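Got the viewer open? Here is a short route through the model, one selection at a time.

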Amino acid sequence: MSEGVWRTSSYSGNQGECVEVRTLSEEAGVRDSKDREGGSLLIAGEAWRAFLERL
């Protein structure tokens, strides 16, 4: 994933114990903020929107 900017929740503070999210045109990427080089999960846009609606 070469697009988008990774964002960390403001609730995580400076402890690095949160996930980071990057939204792209048709999908979202999610990764562990403690292990940024460990890979990321790519989620289809429709599934990501459904997830956010249920939060």
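Before you pick anything, a word on the labels: helices (H or I, at least four residues) and strands (E, at least two) are DSSP runs, numbered from the N terminus. Keep in mind, too, that this is a predicted model.

**Whole chain.** Start with a cartoon view. You should find one helix and four strands, and if you trace them from the N terminus the order is β-β-β-β-α. Switch to a surface: the chain exposes about 4,300 Å², with carbon and sulfur atoms supplying 47% of that. Of the 55 residues in the chain, 25% are buried. If you like contact maps, take the contacts between residues at least 6 apart in sequence: 12% of them join residues at least 24 apart.

**The loop.** Now select S33. Look for S33 in the loop that runs between β3 (27-32) and β4 (41-44). Is S33 buried or exposed? S33 counts as buried because its relative accessibility is 9%, and the cut-off for buried is under 20%. Show sticks and add C18: the side chain of S33 reaches the backbone oxygen of C18 at 2.5 Å.

**The core.** Next, select V21, A28, V30, I43 and W48 together. These five residues make up the largest nonpolar core.

**One core member.** Keep V21 and ask what surrounds it. Leaving aside residues up to four places away in sequence, V21 touches V5, W6, R7, G29, V30 and W48. Two names there, V30 and W48, also belong to the largest nonpolar core with V21.

Definitions and conventions
Residues are numbered from 1 along each chain as its sequence is written. This is a predicted model: local features need pLDDT of at least 70, side-chain atom pairs count only at pLDDT 80 or more; totals for chains, interfaces and linings use all residues. Side-chain values use heavy atoms; hydrogens and water are left out. Buried means under 20% relative accessible area, exposed over 50%, partly exposed in between (1.4 Å probe, protein chains only). A polar contact is a pair of N or O atoms within 3.5 Å; within protein, one must be able to donate a hydrogen and the other to accept it, and residues adjacent in sequence count only if both atoms are side-chain atoms. A nonpolar core is a set of buried Ala, Val, Leu, Ile, Met, Phe, Trp, Tyr and Cys residues joined through side-chain atoms within 4.5 Å. Contact means heavy atoms within 4.5 Å. Accessible areas come from the Shrake-Rupley method with a 1.4 Å probe; for residues, only the protein chains shown count as cover.
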